[in-house]
Amino acid sequence: MAKEEHLGYHPVMLFTITYTGKDPTDLGYLLHKHPGRPQTMELGFGRVQVFYPETGPLRCTAAMLLDIDPPDPGRGGTKSPGIVDYVNDRPYTGSSFMSTAISSVYGTALAGRCAKKQELADTPLDLSAGLFMLPCRGGGRLPKLLFGPLGYEVESEAPVLLDEQFPEWGNSPYLNLTIRGKVRLRDLLNHIYVLIPVFDQQKHYWIAGDEIDKLLNHGKGWLADHPAKALIARRYFKNLWVLTHTALDRLEGRRVDDPSPARTEKNDAGAALEPTNGARPRLNMLRLETVAGVLKKNGAQSVLDLGCGEGNLLRLLLKEKNFTRITGVDVSPSALKHARKRLKLDQLPETEQKRFSLFQGSLTYRDKRFRGYDAAVLAEVIEHLDENRLDTLAALVFGDARPGMVVISTPNVAYNRIYGRSNFRHRDHRFEWNREQFRLWAERIAGRYGYEVSFADIGQVDATQGAPTQMGVFVQGNFPRSGSGVEPPALCPGALLDPAAGSGASQNHSSGALPAVEDVLRELTIRTALHHDLVIDEEDRAAALEIMSRFSADPRWLIYLPPAMSPCRTSSLPEFIEHPQEAFAYYRKAGLDRVVCEEKHGGARAVIVLCRSPETALDRFGAADGPPGIIYTRIGRHFFDPAEAATEQAILERLGKVLDCSGFWEQFATDWVCLDAEILPPPAKIRRLLPEQYAPVGRAGRDGLAAGIALLQQALSIRGPAAVAPAPAEKQRGHPPADMHVAAVLERFEQRKACLDRYTEAYRRCHRTVSSADDYRVAPFHILATEGKVWNHETHLCHLETIRRFMTETDPLFISTGHITVELNDQKALAAAADWWLRLTGFGGEGMIVKPVDFIARRGTELIQPALKCRGQEYLRLIYGPEYTMPENADPLRNRSLAKKRRLALAEFALGMEALERFVRKEPLHRFHECVFALLALENEAVDPRL
């Protein structure tokens with residue numbers, strides 16, 4: 001299973017209305033949809049098909065089948081695309097799509113108009129409505145809570161498992177709902193229009209102030225009296241409190257001064273701030289006011305807000321004239337952009353602009369711009385860093401910047417019980433501390449850097465659990481200092497940083513000094529030995545700084561990142577998108593005679609750096625604590641979650657024993673090694689995608705299509721149109737309705753259902769139960785570097801043979817990679833290699849990698865691709881979506897462009913090799929780090945991540 005490389009898919013949604021009465025086929029008049037004329041209507045996001053699966057003498061049922069378009073399978077992406085743009089690209093928004101479809105297709109009925117039978121439209125009728133595959137966030141009580149007070153009899157199916165084979169994945173997020181009552185059709189449609197988006201709390205479009213009018217219009221006559229109206233408004237507006245309260249005020253007849261603000265502030269849990277209106281302020285505002293009060297009370301005049309986000313604290317500080325110098329710093333370019341907009345910096349008077357500044361910075365890079373402030377604030381910041389990087393943060397803030405006062409606030413994890421939470425308060429939190437943990441850390445840091453620390457609670461205090469937020473105030477003995485902008489004292493002894501080591505400074509790579517931010521944010525041009533000079537633009541550098549600061553492992557360990565790998569060209573064989581013959585043709589055209597084909601195990605790529613002893617880790621990598629090694633991903637993140645640290649350590653220890661017993665260290669005269677490997681199964685954060693993404697897609701697709709097939713078969717079985725006069729056609733926005741051929745739609749749905757079944761089998765094969773290191777397998781395939789040597793001059797066959805001899809023959813944790821050598825001018829060898837690939841992929845295997853025999857291959861002076869991947873047909877279903885093999889999806893894929901991906905692969909390969917060469921030559925940290933940083937910056941380029 002590839003790392004996060006899979007495509008989103010939205011289920012078919014079904015909405016049925018059944019009328020029971022004296023002449024039930026009158027439903028055709030009320031809906032303006034003739035029972036004898038199935039219709040298809042194209043909308044901007046898909047198509048709606050309306051047909052009647054039941055037209056009996058006592059009951060008539062109209063079915064609306066909403067088929068939402070998946071993302072264009074051949075699209076290339078935008079700047080800095082992520083796989084999230086392709087994974088469930090419209091996640092859980094089926095409800096708002098259905099509301100839009102109801103408005104478009106049944107608009108006249110929604111308004112309560114029926115020219116020929118207006119009296120019937122105004123009469124309560126025996127109606128029932130069915131909603132199939134309705135995304136629901138909130139549990140089984142929600143249907144009755146929403147529809148019960150409106151007089152409906154409510155039935156909803158008990159939750160079904162995401163996958164019967166894996167009950168531990170939990171229940172499906174979808175439900176089937178039926179409501180019944182004696183009600184006017186217009187009321188039924190308006191109730192459904194308003195309430196079904198409430199089930200999933202999502203909208204597929206931007207929510208602005210005009211959404212209030214829409215809610216009040218469709219809720220007229222019933223919403224104001226609904227006992228759950230506050231819940232309905234809150235979920236309808238996705239927890240945007242300004243819109244929610246404005247709507248509630250208007251519902252209850254209260255005066256509203258500003259009805260249309262489209263954005264609100266956010267607290268650390270992602271919920272919007274409520275306007276206080278004299279009431280008790282919400283926690284985030286209380287926290288910010290407390291911090292501002294501490295700064296003011298202690299006489300701080302110059303303040304550095306580290307991790308300023310969108311500028312909530314900065315806005316408070318700007319109101320206080322005693323703060324003569326205010327600076328906001330954040331690593332996120334988008335957060336700074338929002339801060340500039342929200343603070344209206346271009347509208348500030350000149351005197352205000354002189355005392356205020358914003359810039360991008362990092363809490364894991366030395367930055368001389370942090371120096372010279374009276375106070376620094378880290379409000380709800382430290383918990384967004386990996387806990388093992390807090391010593392680096394402390395060295396930067398307390399040891400290098402050394403403001404007179406530092407204010408740090410962070411959540412108290414014990415208080416989460418009061419909130420009824422068992423997890424962290426925000427999905428980006430890496431840890432949360434209780435009061436004792438925070439106190440011990442703060443006192444240790446204060447003692448190390450010569451500060452005194454005091455503590456305070458913020459928010460309502462529980463006698464047992466404390467307050468929701470805890471704050472530490474660190475003060476130097478000579479604070480407050482007079483004036484602002486004063487140079488700080490000399491660097492505190494014991495800090496991890498070397499203040500003299502600026503850009504280009506001469507320093508030993510193992511001294512422990514971290515790179516300076518100016519080394520990577522300056523104009524960056526990397527000269528590589530393998531490739532031409534690479535220029536990294538400003539936007540890509542800014543994106544790389546955010547990734548390196550927020551997500552990556554300690555940069556001292558990151559001596560190499562693997563390059564992107566291009567797939568082979570699209571196959572000329574009609575049944576395949578990728579096939580080995582295209583890879584063989586590429587290398588034959590490049591003038592090569594032989595290639596190596598290596599099996600892909602279906603795991604995730606990892607880099608393993610291992611030292612023989614802690615002393616080597618300290619000397620060569622500046623790592624004073626922790627295990628003498630690391631395992632990280634292709635983009636420099638820890639391979640294992642913090643909860644799996646013991647697994648990582650066990651793998652490193654076992655690898656060390658294997659290398660000890662095999663004599664590897666002595667054979668190659670080294671005390672450390674860097675390996676390129678595949679680890680299977682993928683780590684927990686990737687395996688979680690199975691129940692979180694793949695299984696919901698599979699369940700929704702299978703069940704939605706099955707329900708649609710059943711209704712279509714029922715409609716097809718009806719003999720002849722109903723004996724009623726044609727109803728007038730509904731006026732549609734966009735394309736007019738077209739006749740629907742039920743048999744053709746049914747055939748297509750059956751084909752799609754078969755694709756979903758194969759997709760389900762594909763992701764089921766990826767499931768592995770993991771409880772310890774014994775459940776993993778590690779397949780090294782490159783020895784990248786050892787002391788004094790980069791192994792890029794050895795052939796791939798040498799790499800694989802050395803790995804077999806020294807790493808994979810004693811411990812079952814470490815496995816060899818199957819491979820064959822192929823003569824490119826031997827047709828029998830080519831056919832045998834293709835057959836081997838078919839066997840590897842026949843049961844859903846990932847495929848293989850085709851490489852030149854030489855690690856570095858050239859055509860003349862031109863560097864050629866170091867590897868091409870060739871993935872199997874069923875595995876690609878996890879990449880391009882369940883239905884990628886259907887002609888309407890496969891044809892655009894055949895036009896996919898590989899040129900940019902291949903340029904990127906060559907540039908990244910050259911950078912990775914350059915980083916290793918510089919490290920092996922014992923150049924300073926900033927020298928090899930700039931290559932790794934540049935490689936991460938290139939990952940920001942707009943390239944389809946599915947390639």
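This report describes selected sheets, helix packings and buried residues of one predicted model.

**Confidence**

The mean pLDDT of the chain is 85, with 87% of its residues reaching 70 or more. The pLDDT falls below 50 over residues 1–8, a stretch that nevertheless has 49 contacts in the model beyond near neighbours in sequence. Residues 482–512 also have a pLDDT below 50, and for this stretch the model shows 74 contacts beyond near neighbours in sequence.

**Strand β5 and its partners**

Strand β5, which spans residues 125–135, is mostly covered, since nine of its eleven residues are buried. Strand β1 (residues 13–20) runs antiparallel to β5 and is joined to β5 by seven bridges, with L14 standing opposite F132 of β5. Strand β7 (residues 174–183) is likewise antiparallel to β5, here over nine bridges, and L175 in β7 is the bridge partner of L134.

**Helices α8 and α9**

Within helix α8 (residues 229–236), the buried residues include K229, I232, A233, R235 and Y236. The elements that cover the buried residues of α8 include α5 (142–147), α6 (185–200), α7 (210–218) and α9. After α8 comes K238, which has a positive phi near 55°. Helix α9 covers residues 241–251 and contains T244, a residue that is buried with a relative accessible area of 1%. Leaving aside residues up to four places away in sequence, T244 touches A233, R234 and F237.

**The sheet with mixed pairing**

Five strands make up an open sheet in the order β17-β29-β26-β18-β25, and their pairing is mixed. The edges are taken by β17 (566–567) and β25 (819–823), each of which has a single partner strand, so one side of each is left without a neighbour in the sheet. At the β17 edge, the pairing with strand β29 (residues 868–871) is parallel and rests on two bridges, and S566 has L868 in β29 as its bridge partner. Helix α27 (residues 827–841) lies across β18 (594–600), β25, β26 (847–852) and β29, and runs at about 150° to β25.

**The antiparallel sheet and I783**

Another open sheet of five strands follows the order β20-β19-β21-β23-β24, with antiparallel pairing. Its edge strands are β20 (629–633) and β24 (789–790), each pairing on one side only. Strands β23 and β24 run antiparallel and are joined by two bridges, with V790 in β24 as the bridge partner of A785. Helix α20 (residues 614–621) packs on this sheet, where α20 touches β19 (604–611) and β21 (672–680), while helix α30 (residues 899–920) lies across β21, β23 and β24.

Where in this sheet does I783 have its place? I783 lies in strand β23, which spans residues 777–786, and is buried with a relative accessible area of 0%. Its contacts, not counting residues up to four places away in sequence, are with F664, V673, C674, L675, W791, H799, T802, I803 and M807. One of these, C674, is 109 residues from I783 in sequence, yet the C-alpha to C-alpha distance of the two is 6.3 Å.

The table sets out the direction of three helices relative to a strand of the sheet on which each is placed.

| Helix | Strand | Angle |
|---|---|---|
| α27 (827–841) | β25 | about 150° |
| α20 (614–621) | β19 | about 105° |
| α30 (899–920) | β23 | about 60° |

**Helices α18 and α31**

Two packed helices are described by the angle between their axes and the distance between the axes. For helix α18 (residues 538–550) and helix α31 (residues 925–938), the angle is about 105° and the axes are 8 Å apart. This makes α18 roughly perpendicular to α31, because angles of 65 to 115 degrees are counted in that class. On the α18 side the contact is formed by D540, R541, A544, L545, I547 and M548, which meet H929, V932, F933, L936 and A937 of α31. By character, the residues of this contact between α18 and α31 divide into eight nonpolar, one polar and two charged.

Definitions and conventions. Residues numbered from 1 in each chain as written. Predicted model: local features only at pLDDT ≥ 70, side-chain atom pairs only at ≥ 80, totals over all residues. Heavy atoms only, no water. Helix = DSSP H or I, 4+ residues; strand = E, 2+ residues; numbered from the N terminus. Buried < 20%, exposed > 50% of the residue type's maximum accessible area, 1.4 Å probe, protein only. Contact = heavy atoms within 4.5 Å. Pairing = 2+ DSSP bridges. Axes fitted to C-alpha atoms, helices over the stretch in contact; angles between N-to-C directions. pLDDT = per-residue confidence, 0-100. Parallel < 35°, antiparallel > 145°, perpendicular 65-115°, else oblique. Nonpolar A, V, L, I, M, F, W, Y, C, P; charged D, E, K, R; others polar.
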